[in-house]
Amino acid sequence: MNKNRCDWAEVSDLDRNYHDNEWGVPIYNDRELFECLILEGAQAGLSWSTVLKKREGYRLLFDNFDIENISQYEQKKVEELMLDARIVRHRLKINSVITNAQAFIKIQQEFGCFSDYLWGYVNYQPLNNCWKTMSEVPVTTELSDKLSKDLKKRGFKFVGSTICYAFLQAVGVVNDHVITCHCYVSRKTNKT
């Protein structure tokens, strides 16, 4: 049986699987939130399909997104990562993973966990939109502008408003499945 999906998810089986099982599902685990934030930053200037294909490489090479380990990486590690085609080999993006891990830890220290910091923006309730087509979905919002501004103030890199909005969508803070998508209702009710 064919399922109606958001049109961006029809690129490949990898995209369809990600869309159906992950995109927009609320995430509260700090390690998973960190992974999503890093991958969204890695996507800048690239397709999401490219990043999905490299996700396992990121998990392997970045210690399964262990924030404490990453925060201690030194320049030698950056040089090793620059040579590995299993990730996006962009020096500023690689350096941002380390910088962001350090800033992430500071948020955890201040708020108890990054999840509380993030979900506090929406009163711990996902925002459910009612888009008919993907062309209606914005690339930035007042919320993503606010999050981006605060993350930048806290020292994060690759967290512009567009990246932040994609992050909010990915981790389920915002439900941007179109209303005809088979995932829309399940994400709206937090049932998968």
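This report looks at helix H2 and at some of the salt bridges in a predicted model.

## Ground rules

Residue numbers start from 1 along each chain as its sequence is written, and side-chain values rest on heavy atoms, with hydrogens and water left out. Because the model is predicted, local features need pLDDT of at least 70 and side-chain atom pairs count only at pLDDT 80 or more, while totals for chains, interfaces and linings use all residues.

## Helix H2

Let's begin with H2, which covers residues 30-43. Helices here are DSSP runs (H or I, at least four residues), numbered from the N terminus. The expected span of a helix is 1.5 Å times one less than its number of residues. For the 14 residues of H2 that gives 20 Å, and the end C-alpha atoms are indeed 20 Å apart.

At the N-terminal end, asparagine 29 acts as a cap, with a side-chain oxygen 2.9 Å from the backbone nitrogen of arginine 31. Just after the helix, glycine 45 has a positive phi of about 85 degrees.

## How H2 is covered

Eleven of the 14 residues of H2 are buried, meaning under 20% relative accessible area (exposed is over 50%, partly exposed in between; 1.4 Å probe, protein chains only). Among them are Leu33, Phe34, Leu37 and Ile38, and also Asp30, Glu35 and Glu40.

What do the buried residues of H2 pack against? Their partners are helices H3 (48-61), H4 (67-71), H6 (91-111), H7 (114-119) and H9 (161-170), where contact means heavy atoms within 4.5 Å.

## Salt bridges

The structure holds 14 salt bridges, each a side-chain nitrogen of Lys or Arg within 4 Å of a carboxyl oxygen of Asp or Glu. One of them pairs glutamate 79 with arginine 91 at 2.7 Å, N to O. This pair links distant parts of the chain, from helix H5 (residues 75-82) to helix H6, twelve residues apart. Glutamate 79 is partly exposed at 34% relative accessibility, and arginine 91 is partly exposed with a relative accessible area of 34%.

Another bridge joins glutamate 110 and arginine 154, whose closest N and O atoms are 2.8 Å apart. Glutamate 110 sits in helix H6 and arginine 154 in the loop between helix H8 (142-153) and H9, so this pair ties together parts 44 residues apart in sequence. Glutamate 110 is exposed at 52%, whereas arginine 154 is partly exposed at 25%.

## A shared network

Salt bridges with shared partners connect Arg5, Glu10, Asp13, Arg16 and Asp20 into one network. Within this group, glutamate 10 bridges to arginine 5, with the closest N and O atoms 3.6 Å apart. Glutamate 10 is partly exposed, its relative accessible area being 37%.

Note on methods: Helices (H or I, at least four residues) and strands (E, at least two) are DSSP runs, numbered from the N terminus. A polar contact is a pair of N or O atoms within 3.5 Å; within protein, one must be able to donate a hydrogen and the other to accept it, and residues adjacent in sequence count only if both atoms are side-chain atoms.
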